[in-house]
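I opened my notebook to walk through this structure from the ligand outward. Here is what I looked up, in the order I looked it up.

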Amino acid sequence: MPIDGSPEDTICAIATPLGEGGIGILRISGPDALHVASKVVRLRSNQPLDTTSSHTLHVVDIFDLRHPAPSADSLSDVRFSDAHIIDEGLVVYMKRPRSFTAEDVVEIHCHGSGIALKRVCEACVHAGARLAQPGEFTKRAFLNGRLDLSQAEAVLDTIKAKSDLGLKMAQRQLRGALGQEVGGLRDSLMTLLAHVEAGIDFSEEDISFVGREELIASLQGTRAQIQRMLTTSETGRVLREGARVVIVGKPNVGKSSLLNTLLHENRAIVTDIPGTTRDVIEESVDWQGLRITFVDTAGLRETSDVVEQEGMKRSRLAQEESDMVLHVVDAAELAKAGGNDLAFPALVREDLMVLNKIDLLDSTAVVRLCELLSQRSSRKVVPLSVRTGEGLGELKRVIETRFLGPSLEASDGLIITNVRHRLALERALSCLDEALASGGGGIQPEFVAVDLRGAADALGEIVGIVTTDDILDRIFSEFCIGK
Ligand SMILES: Nc1nc2c(ncn2[C@@H]2O[C@H](COP(=O)(O)OP(=O)(O)OP(=O)(O)O)[C@@H](O)[C@H]2O)c(=O)[nH]1
Ligand SMILES: [Mg+2]
């Protein structure tokens, strides 16, 4: 939804989630914020709102001003004030530019009642404010230079964080870490561009402003940094959205038992009857700040049972939508079949093989089976017993490493969590590749300059130095109203 309306408007919105709660907050921002609020609230101290110090809280009565404004005099009439009172609460005025939007902001805190908040909001609109569009407060913060674009997006990431680590990354971005890194890269490209362009301008005079070697070294340095940032983007996605790990395998191998153990709760029914689980069962856990959703599925086998067939269809779908598929096999059954019992229908893919029930075999047999499986499949094999707990630690470690390990180490703590940023970095990278090809091939500096500018613009989009209304509308429309 595009954000219309003039930046001169004073906007208001309920800033807390609708529903019942201890406190609800309505936020007003814009040049008339004080004027609007003073028509809606009256300080218990009788002090006029516009004379209070910035950033101080005051106890107020909140009135529905679709009726005449309560002056100090009329309020002495108890019947009048009672009839028009919405709630009691607190008000705080934050004088520009020391506010979230860098505009005059007033927050009215009342009880967390949907009805009360709605009426306070209506009263503010009646007093001259306009209802804010989704993300309009944050958009104003960006337009007024309080936040760069990556910081504005970090506000949304903070609100939507699914894990401790996701929150930590959003906070790092909110404090400007990404903006600084990208800004630094862009600055060095702009300096290089200035030199290349100067070289073009003075080409007649045979002055070289930047040597070929120097140009290439500098481009390669920037390229490597962008490449390093890009390697973190898969981890970034997982941090934002969490990861889905699907447990598949033949009936009775211990899939539901594994799910229960990983979740530390008896979520799925476990029996020794093959075909116990018929539907897809999923539940999320927080592991080291990473939100993982484990999905248990129906055992996969040839069957004429329509319920089981439907279960398998769902299992296939779950595998397709997952980030990782754990293929569980029954060590005892596999040993009996001489290791030849691996094929079964409807396995879409496998990322890790889990050899369960090793408590039923001696350790030499387990080692032999693991070797056999490693030869047959390129996937890593984790031997474990859900019953005794042996091997569970290793399984957790493998899953964590898969999602967090390498790229976290490579990242210096800065992770690309946002698809828009990733795409812009990829664009910058391909422009640099073009520039390197031109520069290295001794091609005209004009071409190098075009590519350098392309790369700098792509980086500029991340922080919002280079942007269009379209991009802004797309970003801020993802926000909720009130943010
Ligand atoms: N000995 C041993 N038995 C296990 C282990 N893990 C699970 N089992 C048993 O294996 C049987 C099947 O377990 P489930 O977890 O229901 O197996 P499933 O793969 O979910 O089976 P379906 O839902 O029918 O596909 C149960 O009797 C479990 O107690 C293990 O590590 N060792
Ligand atoms: Mg099951």
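**Entry 1, the ligand shell.** I began with the character of the residues around ligand 1: the shell divides into six nonpolar, twelve polar and five charged residues. I kept in mind that this is a predicted model. Next I asked which residues come nearest to ligand 1. Of the 23 around the ligand, they are G254, S256, S257, T277 and G299. I then checked which element gives the largest share of the shell, and found helix 10, residues 255-263, with three residues.

**Entry 2, helix 10.** Since helix 10 had come up, I stayed with it for a while. Is it enclosed or open to the outside? Seven of its nine residues are buried, so helix 10 is largely enclosed by the rest of the structure. I noted the buried ones by name: K255, S256, S257, L258, L259, N260 and L262. Then I looked for what covers them, and the cover includes strand 8 (243-249), strand 9 (281-287), strand 10 (290-296), strand 11 (324-330) and strand 12 (352-356). Just after helix 10 I stopped at H264, which has a positive phi near 60 degrees.

**Entry 3, the sheet.** Those strands sent me to the sheet. I found six strands in an open sheet, ordered 9-10-8-11-12-13, with mixed pairing. Strand 9 and strand 13 (380-383) are the edges, each pairing on one side only. From one strand to the next, the twist averages 25 degrees. I also looked at how strand 9 meets strand 10: the two run antiparallel and are joined by seven bridges. In that pair, V285 stands opposite I292 of strand 10. Helix 14, residues 392-403, lies across strands 8, 9, 10, 11, 12 and 13, and runs at about 150 degrees to strand 13.

**Entry 4, back to the early strands.** I finished toward the start of the chain numbering. How many bridges join strand 1 to strand 2? I found four between strand 1 (residues 11-14) and strand 2 (residues 21-29), and the two run antiparallel. A13 stands opposite R27 in strand 2. Six residues lie between the strands of this hairpin, and G19 takes a positive phi near 140 degrees there. Strand 2 is also joined to strand 6 (residues 105-112), antiparallel again, by eight bridges. There I noted I23 opposite H111 of strand 6.

Conventions: Residues are numbered from 1 along each chain as its sequence is written. Chains are lettered from A and ligands numbered from 1 in the order in which they are written. This is a predicted model: local features need pLDDT of at least 70, side-chain atom pairs count only at pLDDT 80 or more; totals for chains, interfaces and linings use all residues. Two strands pair if DSSP finds at least two bridges between them. A residue is near a molecule or strand if its C-beta atom, placed from the backbone, lies within 6 Å of it. Ala, Val, Leu, Ile, Met, Phe, Trp, Tyr, Cys and Pro count as nonpolar, Asp, Glu, Lys and Arg as charged, and the others, Gly among them, as polar. A residue is buried if 20 or more other C-beta atoms lie within 10 Å of its own, exposed if 12 or fewer, and partly exposed in between; C-beta atoms are placed from the backbone. Two residues are in contact if their C-beta atoms, placed from the backbone, lie within 7 Å. Axes are lines fitted to C-alpha atoms, for helices over the stretch in contact, and angles run from 0 to 180 degrees between N-to-C directions.
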